[in-house]
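Work through the following exercises with the sequence and the coordinates at hand. Each task is followed by a stepwise solution.

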Amino acid sequence: MNEVQQVTEVAKGISDYGILIMIGAAYLILSISMMVAIFKWFKSIINQLLEDSKQSSKRQQESWEDLLAETRKQNEMLTDLSEGLRTETQLRIRNLSGFAFDLSVEQVCRLIKKIREENHIVDKEATREKIRKSLTVMHEDRKSRFDPYTYRGKHLSDYCNSEWIEQVAKVVEAEIYNTDGQNNGRAYTNVKLAYDDIKTDFYHNLNS
């Protein structure tokens, strides 16, 4: 009878311990699963916070850039307005440009005389080319003298027009090949009229 009881207790113990092992294993599995889930949830929260912070920083940077661009734009507009309203600014520009264009008149008159004396003017194509090369050099030299000065945020040279070269070239050609012959007084008058038109165009460009 005792032997049967002992066997029963041993079997019961094995049975009990087997259930505990299964319960423990299930608990471990459940705990690990919960830890993994919590870790993933915590990681997603951190990633979201970092992404929100990055987006916020980017928006702030864009806002600062927009503000800076608008500030610069407003400053340029104020400078433009103030320069346009100051009569002494335009007076200085007119004096400067007036001297430059008057010098060009003298240079072109000397150019006409030089071409008559030194060039074989029968070769009209070669003479035409030389006239335009010389006038281009004068035009670019005048622009370089305008470069240090600004008006409404732009260099004065930006208000010059390359079409002026051809405008003066036609006057020079008309004087060189004038059927009435050489006349320095007439040449000066016609060249002066051409540069008066150019000055008017220049002033128009300043205020347009």
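**Exercise 1.** Which side chain meets that of R132 in a salt bridge, and at what N to O distance?

Solution. The model is a predicted one.
Step 1. A salt bridge requires a side-chain nitrogen of Lys or Arg within 4 Å of a carboxyl oxygen of Asp or Glu.
Step 2. The side chain of E173 meets that of R132 with an N to O distance of 3.2 Å, forming a salt bridge.
Step 3. This pair links distant parts of the chain, with R132 in helix α3 and E173 in helix α4, 41 residues apart.
Step 4. Both R132 and E173 are buried.

**Exercise 2.** Find the salt bridge between E129 and K133, and state where the two residues lie relative to each other in helix α3.

Solution.
Step 1. The side chains of E129 and K133 form a salt bridge at 3.2 Å, N to O.
Step 2. The two residues are 4 apart in helix α3, so about one helical turn separates E129 from K133.
Step 3. Exposed means over 50% relative accessible area, and buried means under 20%. K133, at 54%, therefore counts as exposed, while E129, at 44%, is partly exposed.

**Exercise 3.** Describe the surroundings of T136.

Solution.
Step 1. T136 belongs to helix α3, residues 124-146.
Step 2. Its relative accessibility is 32%, so T136 counts as partly exposed.
Step 3. The T136 side chain comes to 2.6 Å from the backbone oxygen of R132.
Step 4. Between the C-alpha atoms of T136 and E166 the separation is 9.2 Å, although the two residues are 30 residues apart along the chain.

**Exercise 4.** Check the length of helix α4 against its expected span, and list its buried residues.

Solution.
Step 1. Helix α4 covers residues 163-176, which is 14 residues.
Step 2. The expected span is 1.5 Å times one less than the number of residues, so α4 should span 20 Å.
Step 3. The end C-alpha atoms of α4 are 21 Å apart, which agrees.
Step 4. The buried residues of α4 are W164, I165, V168, A169, V171, V172, E173, E175 and I176.

**Exercise 5.** Which residues are linked with K199 in a network of salt bridges?

Solution.
Step 1. K199 forms a salt bridge with D196, with the closest N and O atoms 3.9 Å apart.
Step 2. Both residues lie in helix α5 (residues 184-207); they are 3 residues apart, so about one helical turn separates them.
Step 3. K199 is buried at 15% relative accessible area, whereas D196 is partly exposed at 26%.
Step 4. The network links K199 with D102, K192 and D196.
Step 5. The count of salt bridges in the model comes to 10.

Definitions and conventions:
Residues numbered from 1 in each chain as written. Predicted model: local features only at pLDDT ≥ 70, side-chain atom pairs only at ≥ 80, totals over all residues. Heavy atoms only, no water. Buried < 20%, exposed > 50% of the residue type's maximum accessible area, 1.4 Å probe, protein only. Polar contact = N/O pair within 3.5 Å; in protein donor to acceptor, adjacent residues only side chain to side chain.
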